[in-house]
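Could you walk me through this structure, piece by piece? I'd like to start where the chains meet and then look at each chain in turn.

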Amino acid sequence: MKFENWLSRRNFMLAIIAAAVLYGTGCGLIELCSMYAQRQTHPFFFEGDLFAGVKGATGGEKYLGYMTDRDINIDKIAMRFTQAQFALAPVILDFNNSNHRLLILDFQDLKQAVALAQKLQLKLLKRSPQGLLFAERPGS
Amino acid sequence: MIYILPWLISILEGFLVLTVLIPKAVRPRMALLIFWGSLVGMATTALLTFTSLILFNKIVPAYAIGINIAALTGLFLLAKKNDLVLPFTKGSWDRIDLIGVHVLILFLIPVILHALLYPQGGWDAWSCWNLKAKFLFLGDEGWRGMLDPALWRSNTAYPFLLPLINVWYWCFGGEPVSTVTLATSCRITLVMAGILFFGLKELNNKISMLLAPLWALSIMFVVKLASSQYSDLLVGVWLLSALLSYKLFIERRSSAFLAVMLLSLGFMSFTKSEGLVLAMISLAVLGMTILLSAESREKALAAWKSLLLTSMPAFLPTIIFQLCWAPNSHTFINGLTAADHSALIPRLQSSLVFLAIELISPKWNAFWVIAAGGIILAGAKSFRRGLWVIPVILIAYIISVIGVYTINTFFPIIWWVSNTLNRILFALIPAVIFWAFTALL
């Protein structure tokens, strides 16, 4: 092969792309290794799993009211809510709507949750170890 | 193990669809047919599963399995009449094909490893795509709950090809396991890489074309998004499929590739709203190009009509969804009709600045800079026959996206572009690589 053919625009670009592939693969593998190392100290946790206990008790209900004192505009809270929705689908979680028969009370302050339950005269059905309350509105 | 069966049915179905559509004289090599067939098969099995919603207003697994097996049988009989060559017939794979498959599988390992770190996928996986899949599979007649306004955070107006692909697998196992959604994201990535390599090899029989998919798979940010169980890569692969079909149509002058192109655009339109916009733009640009270049306008129009009818099944889910089921978007405020338009110009400026920043962001490993360099270096070849449509489609799409960012004032612009623009660009990577490599051939 003639030198000028070998040094074509095409081969020049292929050489650059090959270098990018080598660089990217190396960096990627290093990043993956560090992600796996981090996972040893911070195991994977899906917040939706916290709501799994409620799943069997929804009894064909289409909606659950999801009552909370947390600010859903904060990403971490929005994530908790959407993961809860995913875990409980096909039941629909209605955010801060207490007009449904069944309600989940996901409060940072348990006293506030209990106060709301008393105010709405809710009947508590379940309480998870993480402080989630699952309640029913009597007569609805 | 039960999930190997739907996977095999899906690949075979897609392979047979391509065999039936493309005459033997112009048919691509086996390796491309298998990877391309895998993509087409994902959509056809999902589409046939979709008919269960129309007939029974719910997903009936036995029906979905039955109709797919019936379709497979019918396609096999049709393919036999159309010179069917079985996938592992002697001589249908060359040495480069086999090396390519092994290297692609090797480069898929980081994608699988990253996917295993997040078995439930990224944010949109649990808040949108896999949520829709769960509603479809577990909801019975209540599957339309996924369109409920209370779920506005979950993109209720989005169509659901990816969820249906997963539901097809769940029909076999009987439960909505996350292993399936995780495996689907890895499978789509492998199919993208396979179509890219074997598609380019079909145009230029060189092993150096293997650099094309490896380039994409070597970018860690691409690996992260590809394994996130989102629909964006599906949009990208269908665009690649449409462009490859168009290029093969130009080279081989067979309308069979136009049919595959239209099928690709139809399936793309059911992936997500962005896919619908991209499909409509591609349909307009490619359609006009073909009509204008035809010797006889009347003949070309007649041919288009029959092709559109052939590919109608691929557009049908989108048409049904958009006409009958799609709820109004709860995340759209038309800034043009607002009394105060003062927000529009800053939104446009922010979008453009973010686009520029994104294109040179280190997370892409200089992908966009190198791709632009390759296209510029190829000079006029980048815009030769059959290739100039690619930049037209990409630019029109980016303009549409920037237009939506500007006009829809529902989301704060900085939050919106910083969270979504990278995925818009990610979906275009297969098409950009295809363009750069075909220009450099």
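**Where the two chains meet**

Helix 2 of chain A and helix 16 of chain B lie roughly antiparallel to each other, because their crossing angle falls in the range over 145 degrees. In this predicted model, helix 2 of chain A covers residues 9-41 and helix 16 of chain B covers residues 367-378; their axes cross at roughly 175 degrees and come within 10 Å. On the chain A side, the contact uses R9(A), F12(A), M13(A), I16(A), I17(A) and A20(A). Chain B answers with I370(B), G373(B), G374(B), L377(B) and A378(B) from helix 16. Sort the residues of this contact by type and you get eight nonpolar, two polar and one charged.

How far can you lean on the prediction? The model scores ipTM 0.92 and pTM 0.95. For chain B, the average pLDDT is 94, and 100% of the residues score at least 70.

Now over to chain A and its sheet. Five strands form an open sheet with mixed pairing, in the order 2-1-3-5-4. Strand 2 (92-95) and strand 4 (123-127) of chain A sit at the edges with a single partner strand each, so one side of each has no neighbour in the sheet. On average, neighbouring strands of this sheet are turned by 30 degrees against each other, direction ignored.

Further in, strand 3 (residues 102-106) and strand 5 (residues 133-136) of chain A run antiparallel and are joined by four bridges. If you want a spot to click on, L103(A) has A135(A) in strand 5 as its bridge partner. Helix 5 of chain A, residues 110-119, lies across strand 1 (63-68), strand 3, strand 4 and strand 5 of that chain. Relative to strand 3 of chain A, helix 5 runs at about 155 degrees.

There's also a backbone detail to look up in chain A: the peptide bond joining A89(A) and P90(A) is cis, with omega about 15 degrees. You'll find P90(A) in the loop between helix 4 (75-88) and strand 2 of chain A.

On to the helices of chain B. Take helix 4 (residues 95-117) and helix 7 (residues 178-203) of chain B, which pack at about 150 degrees with their axes 10 Å apart. That angle is over 145 degrees, so helix 4 and helix 7 of chain B are roughly antiparallel. Their crossing is right-handed. Among the residues making the contact are G100(B), L104(B), L108(B) and A115(B) from helix 4 of chain B, along with L182(B), L190(B), G194(B) and F197(B) from helix 7 of chain B. The whole contact divides into 15 nonpolar, three polar and two charged residues.

Compare that with helix 10 (residues 232-252) and helix 18 (residues 413-440) of chain B, whose axes are 7 Å apart at an angle of about 25 degrees. That makes this pair roughly parallel. The crossing of helix 10 and helix 18 of chain B is right-handed. Here helix 10 of chain B brings in residues including V235(B), G236(B), L239(B) and L243(B), while helix 18 of chain B offers, among others, F426(B), A427(B), P430(B) and F434(B). This contact holds 12 nonpolar, two polar and three charged residues.

One last stop in chain B is D140(B), which has a positive phi of about 50 degrees although it isn't a glycine. D140(B) is in the loop between helix 5 (123-138) and helix 6 (161-173) of chain B.

Note on methods. Residues numbered from 1 in each chain as written. Chains lettered and ligands numbered in written order. Predicted model: local features only at pLDDT ≥ 70, side-chain atom pairs only at ≥ 80, totals over all residues. Heavy atoms only, no water. pLDDT = per-residue confidence, 0-100. Pairing = 2+ DSSP bridges. Helix = DSSP H or I, 4+ residues; strand = E, 2+ residues; numbered from the N terminus. Axes fitted to C-alpha atoms, helices over the stretch in contact; angles between N-to-C directions. Contact = heavy atoms within 4.5 Å. Parallel < 35°, antiparallel > 145°, perpendicular 65-115°, else oblique. Left-handed = near helix turned anticlockwise from the far one by under 90°. Nonpolar A, V, L, I, M, F, W, Y, C, P; charged D, E, K, R; others polar.
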